[in-house]
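Q: Got a minute to walk me through this fold? I'd like to go from the overall layout down to a few single residues.
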Amino acid sequence: MSTPETASEKQFRILVLHGPNLNLLGQREPEVYGSTTLLDINRSLESMGESLQVKLSILQSNHEGALVDAIHQAWGQQDGILINPGAYTHTSVAIRDAIAGVALPTVEVHLSNVYQREEFRHHSYIAPVAIGQISGFGAASYRLGLQALVGYLRS
Ligand code: CA2
């Protein structure tokens, strides 16, 4: 008879979501968002995922409903969510409700330090339903977020 997996043995599955305009990374506004492309970020997350032995599913969408659908589909299929909701951070009750609805541990990340920017970026609809938020470390925000999420799932 097999024994149940412990949290330290289980291969966790993580949905990585990138919100609107993040497909432009590295191609436009490098002074704000840097020269790293989304492909670079995804490759570095995939490589970190291999070291941490977690399975990543990655999606970028410019559409709020597509992000909501992906969050719904994660229910029962994924163990956690790493999300940069982009501008939807500051506007989307729908994404917040989807995260609350599936109740998967979620880490919110931002490339820029949103608290050093315009006032409208200081409020996040997502933060209250996330286990934590990382903002301001460029592409490293994603890696720090992944590390934090995996640590949370294993604890
Ligand atoms: O700092 C972040 O990661 C943001 O989520 C990025 C969003 C912004 O609306 C949030 O307030 C903070 C914007 C992503 C747009 O990305 C672009 C990249 C290159 C060129 C134009 C936009």
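What follows is a chat about the sheet, two of the helices and a few residues.

Q: Before we start, is this experimental or predicted?
A: It's a predicted model.

Q: OK, what's the strand order in the sheet?
A: The sheet is open and has five strands, in the order β2-β1-β3-β4-β5, with parallel pairing.

Q: Which strands are at the edges?
A: β2 (55–60) and β5 (132–135) are the edge strands, and each pairs on one side only.

Q: How much are neighbouring strands turned against each other?
A: By 15° on average, ignoring direction.

Q: How many bridges join β1 to β3?
A: Five bridges join β1 (residues 13–18) to β3 (residues 80–84), and the two strands run parallel. To find your way along the pair, V16 stands opposite L82 in β3, and H18 stands opposite N84 in β3.

Q: And how many bridges join β3 to β4?
A: Three, again with the strands running parallel. On that side L82 stands opposite V107 in β4.

Q: Is β3 mostly covered or mostly open?
A: Mostly covered: five of its five residues are buried.

Q: Which of them point which way?
A: G80, L82 and N84 point one way from β3, while I81 and I83 point the other way. That fits the general rule that side chains in a regular strand alternate between the two faces of the sheet.

Q: Switching to helices. Where does α5 lie?
A: Helix α5 (residues 140–154) lies across β1, β2, β3, β4 (106–110) and β5. The helix runs at about 160° to β3.

Q: What span should α5 have, and what are its end C-alpha atoms apart?
A: At 1.5 Å a residue, the 15 residues of α5 should span 21 Å, and the end C-alpha atoms are 21 Å apart, so the two agree.

Q: Which α5 residues are buried?
A: The buried ones are S141, Y142, G145, L146, L149, V150 and L153. They cover an arc of only 160° around the axis, which puts them on the same side of α5.

Q: Why would residues spread along a helix end up pointing the same way?
A: An α-helix has 3.6 residues a turn, so residues three or four places apart point the same way.

Q: What do the buried residues of α5 pack against?
A: They pack against β1, α2 (38–52), β2, β3, β4 and β5.

Q: Zoom in on G145. Buried or exposed?
A: Buried, because G145 has 0% relative accessibility. G145 touches L82, V107, V109 and I134, leaving out residues up to four places away in sequence.

Q: How far is G145 from G65?
A: Their C-alpha atoms are separated by 24 Å, and the two residues are 80 apart along the chain.

Q: And S141, also in α5: what does that one touch?
A: Apart from residues up to four places away in sequence, S141 touches V109, H110, L111, I134, S135 and G136. S141 is at 0% relative accessibility, so it counts as buried.

Q: New topic: α4. Which residues are buried there?
A: In α4 (residues 93–102), I95, A98, I99 and V102 are buried. They cover an arc of only 95° around the axis, which puts them on the same side of α4.

Q: What covers them?
A: The cover includes α3 (64–74), β3 and β4.

Q: What goes on at the two ends of α4?
A: At the start, a side-chain oxygen of S92 reaches to within 3.4 Å of the backbone nitrogen of A94. At the other end α4 is followed by A103, whose phi is positive, near 55°.

Q: Last one: where does Q78 sit?
A: In the loop between α3 and β3. At 13% relative accessibility, Q78 counts as buried because the cut-off is under 20%.

Q: What is Q78 in contact with?
A: Setting aside neighbours within four places in sequence, Q78 is in contact with R13, I14, L15, S57 and L104. Q78 and I14 are 64 residues apart in sequence, yet 5.6 Å apart in space, C-alpha to C-alpha.

Q: Which side chain does the side chain of Q78 make a polar contact with?
A: The side chain of S57, at 3.3 Å.

Key
Residues are numbered from 1 along each chain as its sequence is written. This is a predicted model: local features need pLDDT of at least 70, side-chain atom pairs count only at pLDDT 80 or more; totals for chains, interfaces and linings use all residues. Side-chain values use heavy atoms; hydrogens and water are left out. Two strands pair if DSSP finds at least two bridges between them. Helices (H or I, at least four residues) and strands (E, at least two) are DSSP runs, numbered from the N terminus. Axes are lines fitted to C-alpha atoms, for helices over the stretch in contact, and angles run from 0 to 180 degrees between N-to-C directions. Contact means heavy atoms within 4.5 Å. The expected span of a helix is 1.5 Å times one less than its number of residues. Buried means under 20% relative accessible area, exposed over 50%, partly exposed in between (1.4 Å probe, protein chains only). The arc is that of the directions from the helix axis to the C-beta atoms. A polar contact is a pair of N or O atoms within 3.5 Å; within protein, one must be able to donate a hydrogen and the other to accept it, and residues adjacent in sequence count only if both atoms are side-chain atoms.
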